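Here is a set of questions on how the terms used for a structure follow from its computed values. Each answer sets a value against a cut-off and concludes.

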Amino acid sequence: MDKFQTVLRFLMNQKATIGYSFMALLTIGGERVFSMVSFQCPCNHDQNFAYGLTFLLGPAAVLLVLGLFFNNRLWRLYTGCCLNPMKLCPRGNCFGCFQVLMSIFTGACVAPLMWLSVALLNGTFYECAVSGLDENVVVDLFCKNKTMTCREELAHVPCGRSKLSADERMDLLLMFRAQSQILGWCIIIIATTTGLLGTCYTNCRSKVSFLQLTFWKRYMEKEKEHFDAYTLEYASKLAERNLHSFFDNKDPDPFPFPNHKAWEEISALYTFSRSEQYYSTLQRYVERTDRDFTPEKRPVMDLERGMEMS
């Protein structure tokens, strides 16, 4: 049992690394499926570039949108900001809001960058896209010291239907593949270097020590874990109380729950401050002495449309 707990603790501590590794495996698998099953380069000057670029950048754009869509921090920051723009920058902290948005966008870029790196290292999409370029600079680069047939048949090289000799076709394919892999490794190097520099800058500008920062992260994880469990239990009790009241045809029992203002306050994103020894907006709210317990007019939620009606 002790060994199992040790392994479980190690996996929990390394869950970010495990998650990124799993994402990388899914990206590699998805790219191979796209390459072998659905990708068929048209091999003509008019469509090669658009077709290859669509397969190279299209999945990356979809992954970026999905990364933003499933990011809870984005919706926590964005929800209600059209009615109350100050929610985006609480207490006038616009720089802090910008940092949060950059953190959200950076996290959403991980999967797209993985896709681009894997796709470029494979080279299939790049070969199709670049062979359809009609720019003289590009064509001169590939067909330097070659016959005019190279210029005419460049778009047919990825399909193996060109009139070029086997050696010339292989030279062009190797050149395409080399350029694609160079771009792939450049993206990997730039992304990892930027991530390292960003982490160094963030830690260097941290207002707390490393151990306190570690405690803060663990506290936030545990608070979210207990919050999810507690809200599920509390919602079940409220639903049970309302159903009892409805079917028994009697007044409901008193059931205290936070008012609208309290939900608004704990939903704001929290940035650590030396002047406040709190680790979340929830802790800051519960430890306040001037909390407002007066009930407010509760809005009727139209969950199908995601709107509030007074």
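Q: How many helices and strands does the protein chain have?
A: The chain has 13 helices and 2 strands. The model is a predicted one. Of the 310 residues in the chain, 25% are buried. Among contacts between residues at least 6 apart in sequence, 62% join residues at least 24 apart.

Q: What makes α7 a mostly covered helix?
A: Helix α7 spans residues 124-131, and 7 of its 8 residues are buried. Those buried residues are F125, Y126, E127, C128, A129, V130 and S131.

Q: Why is S131 called buried?
A: Buried means under 20% relative accessible area. S131 has a relative accessible area of 0%, so S131 is buried.

Q: Which residues is S131 in contact with, leaving aside its neighbours within four places in sequence?
A: With those neighbours left aside, S131 is in contact with H45, N48, L154, A155, P158 and F176.

Q: What makes the approach of the S131 side chain to the backbone oxygen of C128 short enough for a polar contact?
A: A polar atom of the S131 side chain lies 2.9 Å from the backbone oxygen of C128. The cut-off for a pair of N or O atoms is 3.5 Å, and 2.9 Å falls within 3.5 Å, so the distance condition is met.

Q: Why is α6 called roughly perpendicular to α7?
A: Helix α6, residues 110-122, packs against α7 at an angle of about 75 degrees, with the axes 5 Å apart. Angles of 65 to 115 degrees count as roughly perpendicular, and therefore α6 is roughly perpendicular to α7.

Q: Which residues meet where α6 packs on α7, and how do they divide into nonpolar, polar and charged?
A: From α6 come W115, A119, L120 and N122, which meet T124, F125 and Y126 of α7. The residues of this contact divide into 5 nonpolar, 2 polar and no charged.

Q: What makes D228 and K224 a salt bridge?
A: Their side chains meet with an N to O distance of 3.1 Å. The limit between a Lys or Arg side-chain nitrogen and an Asp or Glu carboxyl oxygen is 4 Å, so the pair D228 and K224 qualifies as a salt bridge. A search of the whole structure finds 5 salt bridges.

Q: Where do D228 and K224 lie, and why are D228 and K224 called partly exposed?
A: Both lie in helix α11, 4 residues apart, about one turn of the helix. Partly exposed covers the range between under 20% and over 50%. D228 has a relative accessible area of 37% and therefore is partly exposed; K224, at 48%, also counts as partly exposed.

Q: How do you know that E233 and K237 are separated by about one helical turn?
A: E233 and K237 are 4 residues apart in helix α11, so about one helical turn separates them. An α-helix has 3.6 residues a turn, so residues three or four places apart point the same way. The side chains of E233 and K237 meet in a salt bridge at 3.4 Å, N to O. E233 is partly exposed at 41% relative accessibility, and K237 is partly exposed at 42%.

Q: What makes E265 and R288 a salt bridge, and where in the chain do the two residues lie?
A: The closest N and O atoms of E265 and R288 are 2.4 Å apart, which is within the 4 Å cut-off, so the pair is a salt bridge. The pair links distant parts of the chain: E265 is in helix α12, while R288 is in the loop between α13 (281-286) and β1 (300-302), 23 residues apart. E265 is partly exposed, with a relative accessible area of 24%, and R288 counts as partly exposed at 26%.

Q: What sets the phi of C43 and of N249 apart from the usual sign?
A: Most residues other than glycine have a negative phi. C43 is not a glycine, yet has a positive phi of about 60 degrees. N249 is not a glycine either, and has a positive phi of about 55 degrees.

Q: Where are C43 and N249 placed, and is each buried or exposed?
A: C43 is in the loop between α2 (15-38) and α3 (48-69). Its relative accessibility is 2%, so C43 counts as buried. N249 is in the loop between α11 (210-248) and α12 (260-267). Exposed means over 50%; N249 has a relative accessible area of 69% and therefore is exposed.

How values were computed: Residues numbered from 1 in each chain as written. Predicted model: local features only at pLDDT ≥ 70, side-chain atom pairs only at ≥ 80, totals over all residues. Heavy atoms only, no water. Buried < 20%, exposed > 50% of the residue type's maximum accessible area, 1.4 Å probe, protein only. Polar contact = N/O pair within 3.5 Å; in protein donor to acceptor, adjacent residues only side chain to side chain. Contact = heavy atoms within 4.5 Å. Axes fitted to C-alpha atoms, helices over the stretch in contact; angles between N-to-C directions. Parallel < 35°, antiparallel > 145°, perpendicular 65-115°, else oblique. Nonpolar A, V, L, I, M, F, W, Y, C, P; charged D, E, K, R; others polar.
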